[in-house]
Amino acid sequence: MLYRFRSIEAEFLKYKQDIADIKANIVEVMKAPEMKEFKKAVSAHKRKINPKFGQLTDSQRQLTEITNDIRVLVAATASDEFAFKWILNFIAKAIISQAESELSVKPQNSIALSKLTLNLLILFPELFYYLMARFVKKCPIIIGYTCAVDTEEGRLRMGWRRAGQNKWEEETKYNERLSVGDI
C-alpha cells in the first residue's frame, strides 16, 4: 500500500509541476508588456468561447453547435503554437470553473459538460495536458491523492481556497465545490 501512495504522490507532484510550467511558460509570458497586442487578439477568441460553457443544455443539437463553434475558434489559433497553448489552457480553466460553479446548482448539466469536454479532447488531444493538470490542482483526489488538511501546505495541496486574507473556505463549501451531488 505504501508503494501505491508513493506512485500517486509522484503523479500528483508531476501535475503540480505541469501547473508551474503552464504558469511560467504561458500565463506569465502573456503578461509581458510586449505581448499586449497579441493578448488582445487571442482574448477575442477567449471572449467568444467563454459564454459557450454557460449555454450547455441536454440538447444534442446545441451541444454539436457549441462544439463546432469552439472547434472553429480554437483551430484559428492553431497556426501559432503559443496562442494554441494559451487558448487550450483557458478552455481547461473554463471547464473546471463551470464544473465548480454551476454543477453544484444544476448537477444534470454535468452530462452536457462531460460530452463537450470529451468532444474537445477528441478534437484537440493536447487539451488533456492542461485539463488534467487543472483537475488535479483543484481536486487531487481525482487521481487518488490525499493528505492531511490540518496544515497550510496540506490545504493548499488538496485545493482549498482562501475565503479571506488569513481564512480558509468553510469545509462544507470545499466539499460542495468538489462534488456535484446526486446526479
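Q: Why is the sulfur of Cys139 not in a bond with the closest cysteine sulfur?
A: The closest cysteine sulfur, in Cys147, is 12 Å away, too far for a bond. A disulfide needs two cysteine sulfur atoms within 2.5 Å. A search of the whole structure finds 0 disulfides. This is a predicted model, where local features need pLDDT of at least 70, side-chain atom pairs count only at pLDDT 80 or more, and totals for chains, interfaces and linings use all residues. Residues are numbered from 1 along each chain as its sequence is written, and side-chain values use heavy atoms, without hydrogens and water.

Q: What makes Cys139 count as buried?
A: Its relative accessibility is 14%. Buried means under 20% relative accessible area, exposed over 50%, partly exposed in between (1.4 Å probe, protein chains only). So Cys139 is buried.

Q: Why is Cys147 called partly exposed?
A: Cys147 has a relative accessible area of 24%.

Q: How do you know whether Arg157 is buried or exposed?
A: Arg157 has a relative accessible area of 14%, so it is buried. Leaving aside neighbours within four places in sequence, Arg157 is in contact (heavy atoms within 4.5 Å) with residues including Glu9, Phe12 and Tyr145.

Q: Why is helix 3 called oblique to helix 5?
A: Helix 3 (residues 60–75) and helix 5 (residues 110–123) pack at an angle of about 40°. Angles under 35 degrees count as roughly parallel, over 145 as roughly antiparallel, 65 to 115 as roughly perpendicular and the rest as oblique. Hence helix 3 is oblique to helix 5.

Conventions:
Axes are lines fitted to C-alpha atoms, for helices over the stretch in contact, and angles run from 0 to 180 degrees between N-to-C directions. Helices (H or I, at least four residues) and strands (E, at least two) are DSSP runs, numbered from the N terminus.
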